[in-house]
Amino acid sequence: MSTIQRDIIVREVGLRDGLQIHPTFMPTADKLAWIKNEALSGVSEIEVTSFVPPKLIPQFADATEVCAGALQLKDLVVSALIPNLKGAQRGLELGVNKLNYVVSVSKTHNLKNVRRERDASMADFKAIVDLIKTLPEDQRPLIGAGLSTALGCSYEGKVALTEVVLCAEQLLDAGADEIVVCDTVGYADPALVRAVLKAVLAVAGDVPVAAHFHDTRGTGLANVTAALECGIKYFDASLGGLGGCPFAPGASGNIVMEDLCFMLDSMGLKTGVNLDLLLKTRQTMSESLSDLKLHGALARAGLPHGFVSNWSAVAA
Ligand code: COA
Ligand code: ZN
């Protein structure tokens, strides 16, 4: 038996954040192959779908099948996005390991994205935590709380740090197992990332804080290094840099999973991800749909000559 060492946990969000903005339906079998291959490459947590109305985002009409397939995989944390209580109910029925709730710090984006006031989203989050608590402890999924537009909003522009901290506190008080600080529209820079993460970490106590960056303006990996300096150990990313919120003007792809893993590995930080297998997963995934536009420097340039990976599996 072997365990994989990880200093940093990278989480794939492309099946949700990437596909939600993509007009063509990816066949369910291809989604499941993507999940399986990426899990085999060492990615330990994958957001596999979104529990939103299929009429609104038809890409997720197969959420039930995708979750059922992903839950067959050993040692994979299967998560899914939820925008409301109904989404949580669907997640609980299917037995996913983690629910990723989303609320926007920007009140305008919250209205556009989930069609209600931010306070109503906060009240719904409390109801979701209460619902989870009705389950026996060993059957409860983790409940993550994503703070969308925490680093800027394409409707409101700058987002006040006091508002970010207020939202984080409300979600923590309600019982969030994790806070995810999201740069939904790629406005952040490393200085802003430091300021926002330090403020959120100061109120989070023992609750893990994760970072979710988009590379819309080329600052994605620079923002990761700023987050690392703050002590962040959890990063969202998507294979081929797919991504973007359909309800935020100008949104585009997440930071590229392959480039993130390469950078962390080069820095001597173990991600548990085998880069060769990850690049093969990207290749297979790219063959699924002819209209997928992938990004990424590592896939273009290849690994450096003589590159020695820190990836390792050690005997347990
Ligand atoms: N899953 C499936 N169906 C859902 C649902 C969910 N999570 N939430 C609501 N519905 C259904 C309702 O049952 C209702 O169905 P009916 O018309 O057959 O009666 C219908 O959708 C409308 O419900 P309502 O509560 O009025 O929703 P709404 O129209 O106010 O939309 C959200 C609210 C949250 C469901 C919607 O805005 C949404 O899904 N937003 C997420 C957007 C997103 O994915 N953004 C990107 C990720 S950050
Ligand atoms: Zn995103």
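# Group meeting: a walk through a predicted model

Strand S2 pairs with strand S3, residues 45-50, in the parallel sense, over two bridges. Keep in mind that this is a predicted model. One contact pair to find on screen: Arg11 stands opposite Glu45 in S3.

Now look for another partner of S2. Strand S2 covers residues 9-12, and four bridges join it to strand S9, residues 234-237. These two strands run parallel as well. Here Val10 stands opposite Phe235 in S9.

Hold on to Phe235. The largest nonpolar core has 79 residues, and Phe235 is one of the two with the most contacts inside it. The other is Leu147. Which helix gives this core its largest share? That is helix H7, residues 161-174, with six residues.

What does Leu147 touch, leaving aside its neighbours within four places in sequence? Its contacts include Val164, Cys167, Ala168 and Leu171. They also include Val103 and Val105. Add Ile179, Val180, Val181 and Cys182, and the list is complete. There is also a second, separate core, this one of five residues. Among them are Val52, Ile57, Leu81 and Val102.

Next, the metal. Which residues hold the zinc ion, ligand 2? The protein donors are Asp17 through OD, His212 through NE2 and His214 through NE2. They lie 2.0 to 2.2 Å from the zinc ion. Along the chain, the donors follow the spacing D-x194-H-x1-H. Asp17 lies in helix H1, residues 14-18, and His212 in strand S8, residues 209-213, so the pair ties together parts that are 195 residues apart in sequence. Are Asp17 and His212 buried or exposed? Both are buried.

Stay with H1 for a moment. His22 is in the loop between H1 and helix H2, which spans 28-40. Is His22 buried or exposed? Buried means under 20% relative accessible area. His22 has 14%, so it counts as buried. Setting aside neighbours within four places in sequence, His22 is in contact with Gln59, Leu289, Asp291 and Leu292.

On to ligand 1. How many residues surround ligand 1? There are 17. The closest are Phe51, Asn84, Arg90, Asn113 and Arg115. Three polar contacts are worth a look. A polar backbone atom of Phe51 is 2.8 Å from a nitrogen atom of ligand 1. A polar side-chain atom of Asn113 is 2.7 Å from a nitrogen atom of ligand 1. For Lys86, an N or O atom in the side chain is 3.4 Å from an oxygen atom of ligand 1.

Arg115 deserves another stop. It lies in the loop between helix H5, 107-114, and helix H6, 118-133. Its phi is positive, about 60 degrees, although Arg115 is not a glycine. Arg115 is exposed, with a relative accessible area of 60%.

Where else does a residue other than glycine have a positive phi? Asp75 has one, of about 65 degrees. Asp75 sits in the loop between helix H3, 63-70, and strand S4, 77-82. Asp75 is exposed too, with a relative accessible area of 66%.

Last topic: two helices. Start with helix H10, residues 257-266. Why is H10 described as largely enclosed by the rest of the structure? Because eight of its ten residues are buried. These are Met257, Glu258, Asp259, Leu260, Cys261, Met263, Leu264 and Asp265. What do they pack against? Their partners are S2, H2, helix H9, S9, helix H11 and helix H12. So S2, where we began, turns up again, because the buried residues of H10 pack against it. After H10 comes Gly268, with a positive phi near 85 degrees.

Helix H9 spans 220-229. In H9, the buried residues are Gly220, Asn223, Val224, Ala226, Ala227 and Leu228. They pack against strand S7, helix H8, S8, S9 and H10. S8 is the strand where His212 lies. H9 is followed by Gly231, whose phi is positive, near 100 degrees.

A quick recap. S2 pairs with S3 and is joined to S9. The zinc donors are Asp17, His212 and His214. Leu147 and Phe235 have the most contacts in the largest nonpolar core. That is the tour.

Notes:
Residues numbered from 1 in each chain as written. Chains lettered and ligands numbered in written order. Predicted model: local features only at pLDDT ≥ 70, side-chain atom pairs only at ≥ 80, totals over all residues. Heavy atoms only, no water. Donors = N, O, S within 2.8 Å, 3.2 Å for Na, K, Ca; no water. Buried < 20%, exposed > 50% of the residue type's maximum accessible area, 1.4 Å probe, protein only. Pairing = 2+ DSSP bridges. Contact = heavy atoms within 4.5 Å. Core = buried A, V, L, I, M, F, W, Y, C linked by side-chain atoms within 4.5 Å. Near = heavy atom within 4 Å. Polar contact = N/O pair within 3.5 Å; in protein donor to acceptor, adjacent residues only side chain to side chain.
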